[in-house]
Amino acid sequence: MAPGAWTVTGIRAAVAGGDLSAREVCAHYLDRIAATDGRLHAFTTVLREAALARADEVDARRASWRDRPLLGVPIAVKDVICTRGVPTTAGSRILAGYRPPYDATVVSRLLDAGAVIVGKTNCDEFAMGSSTEHSAYGPTRNPWALDRIPGGSSGGAAAAVAAGQAPASIGTDTGGSIRQPAALCGVVGLKPTYGRVSRYGLLAFASSLDQIGPLTWTVADAAAVLQVLAGPDPRDATASTEPPPDLSRLFPGNVRGTRIGVPRVALADGVDPEVLDAFGAALAMLSDRGAEVCDVDLPHMQYAVPVYYLVAPAEASSNLARYDGVRYGHRAKLDGAAAGVSEMYARTRSEGFGAEVKRRIMLGTYALSAGYYDAYYVHAQRVRSLIRNDFDRAFAAVDAVAMPTTPTPAFRIGERIDDPLAMYLGDVFTVSANLTGLPAISLPAGLTQARLPIGFQLVGRPFDEATLLRIGDALERDAPWSDERPPAFA
Amino acid sequence: MEYETVIGLEVHVQLRTQSKMFCSCRADYQSAPVNSRVCPVCLGLPGALPVINRRAVEYTVMTGLALNCDIPRLTKFDRKNYPYPDLMKGYQISQYDLPLAIDGRLQIETEAETKAVGVTRVHLEEDVAKLQHFPADSGGYSLVDVNRSGVPLMEIVSEPDMRSAEEARAYLTTLHSLLQYLGVSTANMQDGSFRCDANISLRPAGSEEFGNRTEIKNMNSFRSVFQALNFEIERQRRVLEGGGRVVQETRGWIEGRAVTVSQRSKEDAHDYRYFPEPDLPPLDIDPVWVEEIRGRLPELATQRCARFQQDYGLSEYDARLLTDSKAMADYFETAVCLQALSGDALNSHAKQVSNWMLGDLSGLLNQDNRDISESPVSPESLVELIGLVGDGIISVTMGKTVLEEAYNTGGKPRRIVEERGYTQISDTSAVEPAVFEALEANPRAVADYLGGKESAAKFLVGQVMKITRGQAKPDLVNQLVTAALDRAKAGVD
């Protein structure tokens, strides 16, 4: 099989057609992980034996499973998503060795679709971070430049796809955690509309913002994986009851008449010139294909980062309350029988959580406290509605809103670790999609002169992932960089 | 100074749904083995999500309607955050500012008056796990049974409208009966499916302002609520009369010592950091659904009481006693309707059933502190017994004995009568020998009678009953003894 065919759709076709066995495919990726992950550290757990056994099962059932949409496709899953009997740590010491007794809905769907799960990918602790440096198990490196961060929090998931350790991975996005690492690692990352994909089995960071989505090498692959993940789930009351459309028939490469809005004002400050150039080039390509590019006004987007850093920590402070050492995960060893349950809680959480998680728990607890709740949480929710109104207004005139995914390319490991504010401000273009629940995709938009990937982001109407995928497909067809691979992992 | 007591009650009721509030685990945890009714959701495992139990919402709407509440269109769940090992997620899913039902009232009756007590709100939440603590001398550890975690819990909050412990008790018993009529809860106080906390304060008579209040917890029966409130009224009165201030705090009722003791002061109160539960979208309660529920509300106590008077010719007094509890009313109606009767026959039969139920059967049940629903004598058995008496097969006196035996053994009355040979002797030829025997054996009594002492006849009747082991029909014995004595008298004359 040609290198370009090592995609989700290519592998599925090869396995279904009998050109490759699921075992051969699986072994190829496992070997690659073994050869490269010492340098990258994209994985927290590699399921060598289990994945091969599963691949054999797929091969044994190939005849009856021929129609399954991910037949024999190896997939890596971010370590905040429950996999039955397989360690699920959320990148945290507090869940060291924790093995859930159940599969997340998305994992069940991947398995039903014939996929082979090859391992769990590294992430910032409880998905809180933009660099994967906040993992208790050590940072993941960017395949394009090993001294740089891969982005986060789904840094392992993005690095794994970029380095060819898996043709697709499943990430989660609360404030950009799929799109930002996808941009910084040069892959496609899709955050579906809130409610498009069930969150059952996703270790919650901020319940009203979290969404699960795919990271892949191509737009068609993102569509193929989303098709499997999406759909109603009786176990998640926030999941949409609308079945997803058939995404496999949406790629004629035609964007003629598609209207793309650009919030020019938001791009005025603080965006790296190379990022702006790449953004402009991508828009020009789409324009050449017949898309109409115009300006849109999103006046409240400037408040998105502060709003996000009130709402997300508030929900997190409550969601993380269950990690108390009573039933699972780390429990502090207490000396002296006199120590009570309060001390056990305090010591367990103090030992089990890292600095960033503690920072956010404190921030969120404060924002919800009596006397501050109205000023912070309620106020933030109000501004959140205003941001959503901005987008609703914009979508009266355009089919998608385009922005860079990140203001800069990947920074160096350690560069921002002591400056949380600088780290948070890097989320400026991604958090709005979470606050509004809107679907958004990050697409590769070329490389800087230093050969670091740049991301091009599109935000769409509610449940209109199809338009984002269609525009993304058009861009991909024209992009001179779409066959670029990280040189060290080509 | 005269003080006025002000009491408001918070009642927690476990709902009798098939499954738990937010997962599909069975809700009937009481008899289940420890930690057997659990799943990722009610265990609070990472990644698990709640899904609202529609039946629990329906039961709460039903209760709200029966309490004359408004059912707002928009309702939502909120998180109440506090750390405790009985709380699996570190927060309880409850309802904060948009409860399912608001602004209701409940009519209560005391000896003094009938009044309406305001119902502030009815909301839905989840129960917590059960902790069992082992003190230091047995190792110093605690065990958690998660079966109860996530059982639907409905909270009914009253206005501070009650002015005495008696009114509080009347409110509770009325509410308790209402819940049973609705069928939404077993409302059993012993097993904790009906729990009550009370807020109580005193203020100078005539004052509009409320005094500092205490919250009383850990009252496990109507009686303990009554006692605890009276204790607290006295305690607060003494504090106020001594010139002190009542400390705003939570106090626990200690049943064995019959006192309330301080548990937690206001300063230690949690900041629960309520915020809307992001895992559950707000609910839009369809008014059409609410009206549909209203339309199928079951008959409640007052309606049933009126109907019992109308349909069965019962007195208001009897009808009320029979309808106070749904179980009692159900028993009565089952018994009465076993036979297809109408008109006077029906009314007379109903009166019999009522008399037996309110008399001897209640006596037996009360002795054992049993509810009618636990009666070993079924409605079928009671009716069988009434038939045996009505047909003259046994006497009323014998009936009481048979009822007691049926109660103790669970046996069928007819069977008991047959096995024990209790059948009433109504055949003259069978009783006459006993009459002769009694007269023969008591010449003194016969002589007294003949000497004009008429009461001697009664003694002889008793002797006949004794000889026949109570089985002779009393009328017949009377008649035969009188006849025999009259013959003797004639012989003497």
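Helices, as counted here, are DSSP runs of H or I with at least four residues, and strands are DSSP runs of E with at least two, both numbered from the N terminus. On that basis chain B of this predicted model holds 15 helices and 15 strands, and the tour starts there.

**Chain B as a whole**

Select chain B and turn it about its principal axes, along which the C-alpha trace spans about 100 × 55 × 55 Å. The radius of gyration of chain B is 30 Å, whereas a compact globule of 493 residues would have a value near 23 Å. Colour the chain next by domain: domain 1 covers 3–291, domain 2 covers 301–420 and domain 3 covers 428–492. The centres of domain 2 and domain 3 of chain B, taken over C-alpha atoms, are separated by 35 Å. Of the 493 residues in chain B, 41% are buried, and among its contacts with a separation of 6 or more, 69% join residues 24 or more positions apart.

**A three-stranded sheet in chain B**

Now select strands E3, E4 and E14 of chain B, which form an open sheet in the order E4-E3-E14 with antiparallel pairing. The edges are strand E4 (91–94) and strand E14 (275–276) of chain B, each of which pairs on one side only. Between strand E3 (residues 78–81) and E4 of chain B, which run antiparallel, there are four bridges. To find one of them, pick B:Asp78 and look across to E4(B), where its bridge partner is B:Ser94.

**Where the two chains touch**

Show chains A and B together and select the contact, to which chain B gives 27 residues and chain A gives 33 residues. On the side of chain B that touches chain A, 17 of the residues are nonpolar, five are polar and five are charged.

**The annotated site in chain A**

Move to chain A and select A:Lys78, A:Ser153 and A:Ser177, which an unreviewed UniProt entry lists under "active site". These residues span 100 residues in sequence, yet no two of their C-alpha atoms are more than 10.9 Å apart, so they gather at one spot.

Centre first on A:Ser153, in the loop between strand E3 (116–121) and helix H6 (155–162) of chain A. Is A:Ser153 buried or exposed? A residue counts as buried if 20 or more other C-beta atoms lie within 10 Å of its own, and A:Ser153, with 34 within that distance, is therefore buried. Beyond its neighbours within four places in sequence, A:Ser153 is in contact with residues including A:Cys123, A:Asp124, A:Met128 and A:Ser177.

Step from there to A:Ser177, which lies in the loop between E4 and helix H7 (179–185) of chain A. A:Ser177 has 37 C-beta neighbours inside 10 Å and also counts as buried. With its neighbours within four places in sequence left aside, its contacts include A:Ala127, A:Gly152, A:Ser153 and A:Thr172.

**An enclosed helix in chain A**

Finish with helix H8 (residues 219–229) of chain A, in which 11 of the 11 residues are buried, so that the helix is largely enclosed by the rest of the structure. Among these buried residues are A:Val219, A:Asp221, A:Leu226, A:Gln227 and A:Leu229. To see what covers the buried residues of H8(A), display elements of chain A including helix H1 (8–16), helix H5 (105–112), strand E4 (168–173), strand E6 (211–216) and helix H16 (465–478). Just after H8(A), stop at A:Gly231, which takes a positive phi of about 125 degrees.

Technical notes. Residues numbered from 1 in each chain as written. Chains lettered and ligands numbered in written order. Predicted model: local features only at pLDDT ≥ 70, side-chain atom pairs only at ≥ 80, totals over all residues. Buried ≥ 20, exposed ≤ 12 C-beta atoms within 10 Å, placed from the backbone. Contact = placed C-beta atoms within 7 Å. Pairing = 2+ DSSP bridges. Nonpolar A, V, L, I, M, F, W, Y, C, P; charged D, E, K, R; others polar. Domains from an automatic or database assignment. UniProt positions renumbered as here; feature names shortened; annotations may be inferred. Rg over C-alpha atoms; globule rule 2.2 N^0.38 Å.
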